[in-house]
Amino acid sequence: MSSKDRYESGPAQGGAQAAGDEREASAAGDWGGGGADAPAPVVAVVGRPNVGKSTLVNRILGSRQAVVEDTPGVTRDRVAYDASWRGRSFTLVDTGGWEAFSSAAGAHASPNLAQQVTAQAQVSVEAADAVLFVVDAVVGVTDADEAVAAVLRRSGKPVVVAANKVDDAPAEPAVAALWSLGLGEPYPVSALHGRGSGDLLDVILAALPETPRESENTGGGPRRVALIGRPNVGKSSLLNKLAGQQRVLVDEVAGTTRDPVDELIELGGIPWRFVDTAGIRRRARETQGADFYAGLRTAGALERAEVAVVLVDASEPLAEQDLRIISMVIDAGRALVLAFNKWDLVDEDRRHRIDREIDRQLYTARWAPRVNISAKTGRHVEKLVPALETALAGWETRVPTGRLNAWLADLVAATPPPARGGRAPKILFATQAGIRPPHFVLFTSGFLEAGYRRFIERRLREEFGFQGSPVHLSVRLRQRQSGRPPSRSRGRSASRTGR
């Protein structure tokens, strides 16, 4: 398996690797299937807020995948990552801070949200094969730590206690106090500097059930679908409805989701990997801290996806931010499906206005399949799969060169390109340079106006489809020779004339 980009200070001791650039979580239970022979064992990382769980996850993975900030409550959903150590694969599940009491919710999270975060952490423990309990060795055992330890003791799962923030040898004596948790030997580690992380991983592997050695995945895997849109348009609600469970947190406060959350879901007999992402805010300068890095993770999730479902709040007029997000998907070259969510809140008058708004403002994406859904009630959610299949089929369409040039010759004969500088350019031939998305190259004798290139793209779609996919059209000019050397006969004639 390919490794992730490393910290500047280096990965965990011994070089723990993240399993593949696409970071597809192949976990057991709630996180989908693993390899062809057996699912990878699952390690749930739990602990109270701000003890360094996400930092330790990044240390084990060897790259900055989890959002980290020196503020409690940054991580909220349970997020699964593929990892490996000493040739053995396992799934690492990062969780939100486990609050012992709802009244302990911080200033940036409502009590209801804090309860949901704790519930997600508890679900992670139930579905895991082993638990990595992270405790702040500098602070020592708190009431919240003791409450979490009591739950872990009753779970019956193997528990490894990580005494975090032991950055040097003088800090090690404080680790002994963690024996009072009643979960066995605490292992000192520094998630920030990597100190002791290799020894900790050896202990984690010993606590996991036997699993086949890691091997290269020869299959293509499920298709990756990114759910993107403005904050609070219903992305997490849609993922929960598709999964049939409370997979991610949903709250009325915008910006609840921060880390991209992968979920393997079977729809129509086909497995799909849906990725819930953080809402894309209006301006980058308006975001800071965790929200800023969440936006970067969203952009990365779009790059790894094959098709993007852009959710739009149908109960509100189309916003400039909706158009910017659609343009971002087109620029990224991903297949596109438009999902107008909250359709249960739309009356007859609003439906007519939506049609007019689409015709007037979404002229650059009229080719995208559109579904009107309600993630809350489940209305027409089943129409999402046919739209995804249509978009992916258009994204991977290839046109034979002979058929393409025959069609282009008829098109140019009927509507030749406009003249430029008194001379009309000629289109010599065309070829399709690639798919995903379709990319066509026109070889011409002169410059083609932007309007004529859009005309060709529009006619390409009318002839060959490409529904749900952007089409890239580029032009290459055939440079004419500036001058030709005189022929041999002309030279002899000039010589005789000179005589």
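This report describes two buried residues, Trp367 and Asn341, and one helix, helix 3, in a predicted model.

## Trp367

Trp367 sits in the loop that connects helix 8 (348-361) with strand 13 (370-372). The residue is buried, because its relative accessible area of 13% falls under the 20% limit. Its side chain reaches the backbone oxygen of Thr364 at 3.0 Å.

Setting aside residues up to four places away in sequence, Trp367 touches Ile330, Leu336, Arg461, Gln467, Gly468, Ser469 and Pro470. For one of these, Gly468, the separation in sequence is 101 residues, while the C-alpha to C-alpha distance from Trp367 is 5.7 Å.

## Asn341

Asn341 belongs to strand 12, which covers residues 335-341. With a relative accessible area of 3%, Asn341 is buried.

The side chain of Asn341 reaches the backbone nitrogen of Ala375 at 2.9 Å. Ala375 is also among the residues in contact with Asn341 when neighbours within four places in sequence are left aside. The others are Val233, Gly234, Leu311, Val312, Asp313, Ala314, Ser315, Ile373 and Ser374.

## Helix 3

Helix 3 comprises 13 residues, 143-155. From its first C-alpha to its last it reaches 19 Å, close to the 18 Å expected at 1.5 Å a residue. Gly156, which has a positive phi near 75°, follows the helix.

Within helix 3, the residues Asp145, Val148, Ala149 and Leu152 are buried. Viewed down the helix axis, the buried residues fall within an arc of 105°, so they line one face of helix 3. Asp143 and Arg154, on the other side of helix 3, are exposed.

Notes: Residues numbered from 1 in each chain as written. Predicted model: local features only at pLDDT ≥ 70, side-chain atom pairs only at ≥ 80, totals over all residues. Heavy atoms only, no water. Helix = DSSP H or I, 4+ residues; strand = E, 2+ residues; numbered from the N terminus. Buried < 20%, exposed > 50% of the residue type's maximum accessible area, 1.4 Å probe, protein only. Contact = heavy atoms within 4.5 Å. Polar contact = N/O pair within 3.5 Å; in protein donor to acceptor, adjacent residues only side chain to side chain. Expected span 1.5 Å × (residues − 1). Arc of directions from axis to C-beta.
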